[in-house]
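Reader: Hi! I'd like a close look at one part of this protein, the aromatic rings and whatever sits around them. Could you walk me through it?

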Amino acid sequence: MARTGRVDLAGSSLRQWDWHSGAEGQFRRPAAQGGPVTTMPHTASGATEADHRHAGRQFGFATRAIHHAYDPADHHGAVAPPVYFTSTYAFGSVAENDEAAARGGVLYAREYNPTTAILEARLANLEGAEACLVVSTGMAAIGTLMLSLLSQGDEVVVHRTLYANTVALTETGLPRFGIKVIPVDLADPANLDRVATGRTKLVYFETPVNPLSAVLDIAAIANRAHALGIPVAVDSTFASPALQRPIEHGADLVVHSLTKYISGHGDVLGGAVLGRAGTIARLHDHGLRYLTGATMSPMTAALVLRGLKTLPLRMERHGRNALAIATMLEAHPAVRWVSYPQLASHRDHAIAVRQMSAGSGMLALGLHAGFDGARRFMDRLSLFGRAVSLGDAESLIMHPASLNRARRAIRPEAHLAEGVGDDLIRLSVGLEDAGDLIEDLRQALASL
């Protein structure tokens, strides 16, 4: 899918460019830098001998999620990628060490690990990006992105509703460094024209939006932003690249919490930023190297690679279960409202159908019984874990208003994100049998 006119964040000016991306994995490789030591271990190509043997073959998403950027023949026949536990790298001579240092090559494990490099190449390929940087958590990804690209006096426009800790970063963290944050309702992309200035350096939003499960129009927002010369970053955690690839719709950067759907088993923390090779190199050289130092461990990288292998299968089951549950809840007399983008009644249904291949397991609802009813309802559930986070095999449920009130004991400034009411309940629908989950929800609702 040809794209032109996106924003080059590696330099100081805009430049037109044209590349090909998409589900079939056709990519332009970054320019070679010469010599055996690469400074871009995280590019989408990640070519192996197996890749060269299948040159010209277009593999599907599920195949690439299992095989891309790894050939067992390069690793003593090991079917699973090895986990490289090392903090530093040795060279055969001082001259080789000097050569690597002069080109920013493989010196120290904060900046490079072979296991992590496989994950970065595979994620970039699946997302349709030129390159990827993985870090220790989702918030580390967002922090690395913001602190690498924004400076004192810059402005960033964000959607008015964001994940709670992203709200903390934008309301408290960034202003401490002289970065102005402008929240706006990006459901109407024309609002960008009203708030953007010559100092605006980034537009940032989530879609689907946490915890509302609203859907923002990536293409419409990107078109507005690019007309103003502003790059766009999208947190696509609620969807994963199996369902939505923002770069295909004009975004410049994509953020994921790998903790969620991509790893999918609730046993690791991780984050990723994906985009053009030059921009990711900037995040790697500045953000990861000395601003955050938030390196992902090689063991975590191996576990995320394991999770990626089943991502398409898991997302299909998450979405099928969530749609069945949303349909039941929408018809239940105790339920006041349901927000699931794949319901025809959802306000953003048309955007979701155009932008996503299917729905994920995330939905929100409100009860007629309000705040107190939400707490009673949750306490009666047996299969849904009362827990934060999402995207696990297990079904999870949370009530943001209850958590917010409790957090004020230690964080007096805590507040609900814009648009999140006291009645909102967030469900992360897991991989259990849909009938069992529905029965559990029904019996809990019957008590209200």
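How many aromatic pairs does the structure hold?

Author: Sure, and keep in mind that this is a predicted model. The structure holds 1 aromatic pair. Its partners are Y89 and Y112, with 5.9 Å from centre to centre and 50° between the planes, which makes the pair tilted. Now look at where the two rings come from. Y89 belongs to the loop between α2 (61-67) and α3 (94-102), while Y112 belongs to the loop between α3 and α4 (114-127), so the pair ties together parts that are 23 residues apart in sequence. Both Y89 and Y112 are buried.

Stay with the loop between α2 and α3 for a moment, as H76 is found there too. H76 isn't a glycine, yet its phi is positive, near 60°. That's worth a second glance, because most residues other than glycine have a negative phi. Unlike the buried Y89, H76 is exposed, at 89% relative accessibility.

Rings can have charged company as well. R405 lies over the face of F371, 3.7 Å from the ring centre. The charged end of R176 sits over the ring of F177, and here the distance to the centre is 5.8 Å.

One last stop, if you're curious about odd backbone: the loop between β6 (200-206) and α8 (218-227) contains P208, and a cis peptide bond joins T207 to P208, with omega about -10°. P211 is in the loop between β6 and α8 too, and the bond from N210 to P211 is cis, with omega near 0°.

Technical notes. Residues are numbered from 1 along each chain as its sequence is written. This is a predicted model: local features need pLDDT of at least 70, side-chain atom pairs count only at pLDDT 80 or more; totals for chains, interfaces and linings use all residues. Side-chain values use heavy atoms; hydrogens and water are left out. Rings of Phe, Tyr and Trp (its six-membered ring) pair if their centres lie within 6.5 Å; planes under 30 degrees apart count as stacked, over 60 as edge-to-face and the rest as tilted. Helices (H or I, at least four residues) and strands (E, at least two) are DSSP runs, numbered from the N terminus. Buried means under 20% relative accessible area, exposed over 50%, partly exposed in between (1.4 Å probe, protein chains only). A charge sits over a ring if NZ of Lys or CZ of Arg is within 6 Å of the ring centre and within 35 degrees of the ring normal.
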